Amino acid sequence: MLDNIRIVLVNTSHTGNIGSVARAMKTMGLSDLALVDPVQEPDSHASALAAGATDILANATIVDNLHDAISDCGLVVATSARNRTLDWPLLDPRESAAKVLQESTQHKVALVFGRESSGLTNEELQQSHFHLHIPTNPEYGSLNLAMAVQSVCYEVRMQWLEAGEKVEADIPDYPRVDDLERFYEHLEATLTNTGFINPKHPGQVMTKLRRLYNRARPEESEINILRGMLASVDKSIDNT
């Protein structure tokens, strides 16, 4: 169960922070770490701050982009420290932990943390199903990366301990991120071909549709139906 929970760090600047995150993860029983385009790969400074969690550093996956880090996940929760122009389903750490733990019984899940200075971009946040906000002191909400990871991992562990290491959940067969991205690509192509989306001025149509479908959480069979509908539209266009 805990093995299915992945911590994803995006474009981390300081290797010491990567080491501190590895330590935070191991103290809470998590071990799957993915690094997206780190400024520098883990080094001796990271190992020193890992303080015995060097096995997590050694086994960390390093990829070029966020999609590659989450493509096999059925649930993605991304941290956000500030308000955005487009609302997204929002959870606090405790709510996130409950959802992450339940769904980890069925598939891989990812908790995504952004850059130390600027967090995640809007494009990266839109690849998630839910956003996670840690309700810090509004007068001083500065959390370093390892503290943020520790806070969320602690909530996951508390949920796990409370469940007695046995979480019973009837989780639908949700599509993996890779399958969902192919659906979005197909949807955008079809809407462009019908003229609904103007490629020169696309606006926020796809962003809002992503939010709609991510909020609805269609099951894999439902995504297949939607893909079939799009294929039917494509065929009709080709025959005109």
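Here are legends for a few views of a predicted model.

Local features need pLDDT of at least 70 and side-chain atom pairs pLDDT 80 or more, while totals for chains, interfaces and linings use all residues. Numbering starts from 1 along each chain as its sequence is written, and side-chain values use heavy atoms, with hydrogens and water left out.

**View 1. The whole chain has ten helices and seven strands.** Both are DSSP runs numbered from the N terminus (helices: H or I, at least four residues; strands: E, at least two). The radius of gyration, taken over C-alpha atoms, is 19 Å, close to the 18 Å from the globule rule (2.2 Å times the number of residues to the power 0.38) for 240 residues, so the chain is as compact as a globular protein of that length. Its C-alpha trace spans about 65 × 40 × 35 Å along the principal axes.

**View 2. The seven strands make an open, parallel sheet.** Their order is E3-E2-E1-E6-E4-E7-E5, where pairing takes at least two DSSP bridges between two strands. E3 (61-63) and E5 (90-91) sit at the edges with a single partner strand each, so one side of each has no neighbour in the sheet.

**View 3. Here E2 (residues 32-36) meets E3.** Three bridges join these parallel strands, and Val-36 stands opposite Val-63 in E3.

**View 4. The lining of the largest pocket is a mixed one: eight nonpolar, eleven polar and four charged residues.** Nonpolar covers Ala, Val, Leu, Ile, Met, Phe, Trp, Tyr, Cys and Pro; charged means Asp, Glu, Lys and Arg; the others, Gly among them, are polar.
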